[in-house]
Every structure is written in C-alpha cells, then in structure tokens.
Amino acid sequence: MFSRKNLRPARNTRKKTKLKDGLWLKCESCGEILYRRELDQSCWICPKCNFHFRIGHRKYIELLLDEGGLEEVDKGLVPVDPLRFPKYKEKYRSSRKKTGMEEGIVSGRAVIQGIEVIFAATDFAFMGGSMGSVVGERVARAARLALAEHKPFVMLTASGGGARMQEGIFSLMQMPKTSAEVALLKQAHIPYINILTHPTMAGVMASFASLGDVIIAEPGALLGFTGPRVIEQTIGEKLPPGFQRSEFLLEHGFVDIVCSRRDLRETVARILSLLAEPHKEPSTQT
Amino acid sequence: MAEFLLDFEKPIVELEKRIEALKGLEGVDSEIAKLQKQAEKLRRKVYSRLTRWQIVQLARHPRRPYTLDLIPYLFTDFTELHGDRGFADDPAIVAGIARFRGRSLALVGHQKGHDTKERIRRNFGMPHPEGYRKALRIYKLAEKFGMPVINFVDTPGADPGVGAEERGQSEAIARNLQEIAILRTPILVIVTGEGGSGGALAIGIGDRIYMLEYSFYSTISPEGCASILWRDSAKAPQAAEALKFTSRDNLDHGVIDGVIPEPSGGAHRDWQHTAKFIADQIAQALAELEGLSHEELIAKRIEKFRKVGKFKTIR
Ligand SMILES: [Zn+2]
C-alpha cells in the first residue's frame with residue numbers, strides 16, 4: 001500500500017463510519033477527534049493539521065459560488081453502457097442512488113464574488129468522479145457555453161478514476177474532446193481556471209484538468225497520471241511521503257498555487273478580475 | 001533471433017515447414033499442392049475466428065514491425081530528429097522528417113525493441129513526458145513548414161514510474177491533445193500494435209485514425225482492467241472481451257476511420273506487405289485531406305472529436 005503517513009494514516013473504516021454518523025469524527029490525518037458541526041463551519045479543514053476532508057460538489061457550490069449557487073445546464077444526460085460492460089449498469093444505478101446525481105459532474109452558470117462564470121465540478125462520490133461520455137460531453141459543453149457567453153470557465157475536479165474503464169475507448173476519447181474545447185477557449189482569450197482537489201488522476205488529469213491558464217490545487221490532494229500503487233508495484237519500492245501531492249506538483253512546476261479551501265473563492269475571484277480587466281480588449285488574433 | 005510462435009500459429013507454421021522441406025524434391029508436386037491447400041484452409045479457419053485476446057497477442061508479437069522497421073519501406077530521406085529541447089531525448093518515441101511519394105512530411109512513432117537490450121533502451125515503447133514533448137516539437141515544425149504528420153502508435157502505455165510523474169506526464173499528454181486539436185496541418189494516425197491508453201493517445205489522435213487489422217486501442221490494458229474487475233490480471237483474456245477494443249470494434253464504434261488489412265498470418269510474417277498496405281492508406285488519406293484549407297481541416301477535426309461519446313438525454 002501507498003504510504004500516506006503524513007497525510008493519511010491507515011484508517012479503520014468501520015470506526016470512521018461510526019464516528020461520521022455521530023456528532024464527532026476523527027481526522028483522517030492526525031487522528032484528532034473533531035466536532036462535526038465545527039468542522040462543517042470551517043470548510044471541513046482540520047483545525048489541528050490543516051487536513052482537507054473530501055467534500056462533494058454541493059459543498060463546493062456553497063463555498064465558492066455567490067448566492068443563487070449554480071444555474072445548472074445540460075441536465076438529464078445519462079450513460080448508455082455502450083460496451084455492455086460487466087456490472088456497469090448496476091454500478092451506475094447504485095452510484096446514482098447513493099449520490100442523488102445523474103452523473104459525476106454538475107455544470108452551469110454561476111457568479112463568484114460578482115464575476116459571472118461558467119462553473120463545473122466533478123464529484124468523487126459518483127464512480128470516483130471518472131470521465132465517461134457524459135462527463136466529457138458536459139465539460140465540452142460547459143467550455144462551449146463559456147465561449148458563447150464570453151465568460152471565464154472555472155473547472156473543479158475530484159476525479160480519482162480518470163477515464164471510466166467501463167466505457168472503454170469512448171472514455172479515452174473524451175480526453176481529446178475536452179482538450180479541443182479548451183484549445184478554442186484559449187484562442188478566444190477566455191480565462192480557464194482549474195481547481196484541483198483530492199484526487200484528480202489519469203485521464204482527467206491528462207486532459208482538461210491540466211490545461212488551465214491558472215491551476216490552483218487544494219493542499220494535500222493526490223494529483224497525477226499513474227496511480228501510486230501501480231508505480232510502487234512497478235518500481236518495487238515505496239514512494240516517499242508527499243509524492244504526487246499538490247505541494248509536489250507546485251515544486252515541480254505543474255501547479256500555480258496551492259490554496260487553502262478557505263481562500264479558494266477569494267483567490268479565484270482575484271485571478272479572474274486580474275485576467276479580465278475591462279479595458280483590455282482581448283485580441284482576436286492568435 | 002529465435003523463432004517465436006503463438007500457440008495458434010504453431011499448426012500453421014508446422015505445415016509450412018513441411019511444405020518447405022518437400023520443395024526441390026522430385027515427384028512431390030501434388031503432395032505440396034495438397035499441403036498448401038490444407039495450410040491455407042487452416043490459416044483461414046484460425047484467423048477468421050481470432051478471439052480478442054489472440055489479437056492482443058498478435059499486436060504484441062515480438063516480430064511485429066515497429067516504427068523504425070516500417071520507415072524504410074514507406075519513406076525515403078528519413079532524417080531522425082532528437083530531443084524535446086527541454087530535458088532529454090526519449091528513445092521510446094522516434095520522430096523525424098522524410099519523403100513519401102515525392103512529398104515531404106513529418107513522422108512520429110512509438111519504438112519498441114526486438115531484443116532485450118533494445119527493449120530496455122526503448123523502455124518497451126513506454127514514453128516519458130519528454131517523448132510527448134518531442135512529438136509536439138515535431139508537430140509544430142510540421143505546421144510551420146506545411147508538412148502533414150504521420151503518427152505510428154504501438155505502446156503498452158505511458159511509463160508508470162517516478163520520473164514521468166516528476167516531469168509532468170499529465171501535462172505533457174494534455175498539452176499534446178490541446179495542440180493537436182488546432183494544428184494547422186493534416187495529421188494521420190496508424191495504430192500498428194498496442195494502443196495503450198494515454199501513452200498512445202498523446203500521439204494517437206488526428207484527422208484520420210486507422211488501425212492495422214490485428215491491433216487494439218484501449219483506455220486500459222486488459223491486464224489492468226482484469227486486476228480492477230476481478231483482482232486477477234490472469235483474467236486479461238476475459239477483460240479483452242469486455243473492453244471490445246480491436247480494430248473492428250473501434251470501427252464499429254465509429255471511433256476510427258478504417259482498418260488496414262494485414263498480410264496472411266499477421267504483420268510479423270511480412271513487413272514489406274504490411275508497409276505496402278499502410279502506404280496505400282496514407283496516400284488515400286492525404287489525397288482526401290490536402291484539398292482542405294486549414295480552417296476547414298481544424299473545424300472538421302474538432303467536429304470529429306466532439307461526436308465521440310455515447311449517452312442519452314432523459315428529459
Ligand atoms: Zn488533523
């Protein structure tokens with residue numbers, strides 16, 4: 001197993017669930033017992049060790065977007081199991097039931113500190129936030145909407161699964177599809193911001209999640225192409241603590257800013273306001 | 001090199017050897033004819049019902065022609081160009097410029113090795129970020145000088161190691177996808193063997209994608225899929241069936257533009273004819289694409305990417 005000592009000690013799942021149901025829960029990183037309501041009020045960040053608990057898209061909408069939240073577009077797109085892949089339908093149904101989502105993404109119009117944006121977020125709770133045809137299509141459409149309405153595109157990812165295996169080649173081909181839309185946004189000089197959260201991996205990381213004009217990551221998020229377990233199996237040794245974490249990517253030049261969840265909204269708004277100053281007519285030539 | 005035979009090749013090759021042994025002897029013409037007929041029948045029988053796993057084995061055949069094996073049959077004046085100008089030269093991807101039927105073009109392809117030493121030097125055809133970045137450098141060169149790009153895809157996948165992560169494998173793949181989408185020159189892709197996930201994709205998309213008959217193109221290796229699905233990589237044959245990733249499958253899925261036939265028995269048995277079939281396909285595709293303006297070319301390319309995906313709208 002991948003050593004997550006610094007960030008995530010081995011956890012006892014049963015115990016965790018028990019605690020989660022109650023008023024108290026244990027920090028996955030430092031083991032501190034925390035009061036649930038307090039944690040909820042502090043963006044789900046451990047006051048003792050700064051560990052960022054995983055939160056879903058609903059919480060991000062609450063934390064990042066102005067009142068009114070997300071005006072969702074492209075709802076009602078659902079997968080079709082094109083390969084009749086073993087257990088895909090069951091997996092999809094149980095994810096849908098568990099999360100109340102139609103797919104692993106939400107997208108639409110939103111406002112961040114007064115700035116109108118197109119916002120989309122993948123959600124790890126739904127099949128690991130993996131990208132099948134629907135996720136790819138909605139990212140692509142969100143980018144096109146940003147282009148059509150001339151609004152910045154803010155894309156938050158929590159996609160540990162990368163390209164969704166169950167849709168085979170169709171998933172893989174969402175990578176060029178989404179990346180092409182980003183290319184068009186860039187040609188039009190429309191800001192594209194990535195917010196990378198734990199975890200963003202493989203096919204998602206190797207396409208639209210790595211292409212932002214500015215890339216912001218939450219602290220301690222696992223971000224990379226190959227999963228740490230596969231790397232460890234390949235090299236036959238344990239990876240050092242912090243490998244493929246946000247801070248590691250910052251150090252190696254693949255992330256602009258590691259930003260506490262608490263400051264995300266202000267940071268995104270500030271960057272957008274700087275990039276889109278009204279006196280700067282975007283040039284149409286590329 | 002020692003002969004390498006797949007199980008299902010053995011009876012065919014045995015017959016062929018018997019035929020060879022008889023050749024030159026007196027009075028065995030009818031015997032030879034009989035055996036040849038038998039061999040042809042057997043070949044047809046075996047190759048018409050290959051399982052997906054057998055196709056994987058053919059795609060991974062150690063005598064399969066790799067990019068540098070095909071180039072002499074396909075092009076003249078091949079000039080290999082090295083390095084990404086940032087970090088290193090990746091031997092798992094070869095790139096360069098050459099001439100094809102009188103016109104110049106750019107080439108990029110994965111490169112495996114035929115012997116142990118070369119396999120290790122080429123990292124089994126698994127690229128590092130600098131490989132994708134070298135490819136991108138050549139794409140830009142091609143764009144600048146108005147040369148079409150031909151990509152040859154044959155990789156188990158991206159390198160799953162530490163250095164590849166440190167040097168931004170994800171970013172390198174993503175950037176290629178972004179830049180290929182708007183590159184102002186025709187891009188062809190020929191999947192010749194293994195189309196392994198992101199490592200293939202980074203040089204594996206364009207205006208036309210063709211696959212050799214016994215190749216596959218997949219989001220995950222059959223072994224990787226099997227270990228996720230059944231926690232047992234030995235179930236790769238079942239995973240291959242589930243993934244439906246052969247040339248025919250991908251043509252049925254509408255994800256590729258054509259299947260390039262292979263010589264009898266597979267590409268490894270006849271490199272020259274394999275190259276001939278590839279050359280014909282390249283010529284045809286270039287003729288189709290070269291009449292288009294850059295704007296038309298890019299618009300059609302992006303439209304093609306947009307169309308891929310299967311879903312339904314429930315309200
Ligand atoms: Zn803590």
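This is a short talk on a two-chain model, covering its chain interface, some helix pairs and one arginine.

Before the details, note that this is a predicted model, in which local features need pLDDT of at least 70, side-chain atom pairs count only at pLDDT 80 or more, and totals for chains, interfaces and linings use all residues. Residues are numbered from 1 along each chain as its sequence is written, and chains are lettered from A and ligands numbered from 1 in the order in which they are written.

I'll start with the interface. On the chain B side, 45 residues are in contact with 47 residues of chain A; contact here is C-beta atoms, placed from the backbone, within 7 Å. The elements of chain B that give two or more residues to that side are α7 (162-166), α8 (169-181), α9 (197-201), β7 (216-218), α10, α11, α14 (294-307) and β9 (311-313). Helices are DSSP runs of H or I with at least four residues, strands are runs of E with at least two, and both are numbered from the N terminus. Which of these gives the most? That is α8(B), with eight residues. By class, the chain B side has 24 nonpolar, 13 polar and eight charged residues. Ala, Val, Leu, Ile, Met, Phe, Trp, Tyr, Cys and Pro count as nonpolar, Asp, Glu, Lys and Arg as charged, and the others, Gly among them, as polar.

Strands also pair across the two chains. Strand β4 (residues 77-79) of chain A is joined to β9(B) by three bridges, and the two run antiparallel; pairing needs at least two DSSP bridges. Within that pair, Val78(A) is opposite Lys312(B).

Next, helix pairs. Two of the interface elements, α10 (residues 222-229) and α11 (residues 236-243) of chain B, have axes that come within 8 Å and cross at roughly 100 degrees. Axes are lines fitted to C-alpha atoms, for helices over the stretch in contact, with angles from 0 to 180 degrees between N-to-C directions. α10(B) and α11(B) are therefore roughly perpendicular. The scale is under 35 degrees for roughly parallel, over 145 for roughly antiparallel, 65 to 115 for roughly perpendicular, and oblique for the rest. Their contact has nine nonpolar, one polar and one charged residues.

In chain A, helices α5 (residues 133-149) and α7 (residues 174-187) have axes that come within 9 Å and cross at roughly 10 degrees, so α5(A) and α7(A) are roughly parallel. Residues making the contact include Val139(A) and Ala143(A) of α5(A), and Val182(A) and Leu185(A) of α7(A). By class, there are nine nonpolar, four polar and three charged residues.

Chain A is divided into domain 1 (21-53) and domain 2 (55-275), with bounds from an automatic or database domain assignment. Their C-alpha centres are 24 Å apart. Seven residues of domain 1 are in contact with nine of domain 2.

Last, back to chain B. Strand β1 (residues 76-80) has zero buried residues among its five. Buried is 20 or more other C-beta atoms within 10 Å of the residue's own, exposed is 12 or fewer, and partly exposed is in between, with C-beta atoms placed from the backbone. Three bridges join β1(B) to β2 (residues 93-100) of chain B, running antiparallel; Thr76(B) has Arg99(B) as its bridge partner.

Why is Arg137(B) counted as partly exposed? Because Arg137(B) has 18 C-beta neighbours inside 10 Å. Arg137(B) lies in α6 (residues 129-144) of chain B. Leaving aside neighbours within four places in sequence, Arg137(B) is in contact with Asp84(B) and Arg85(B).
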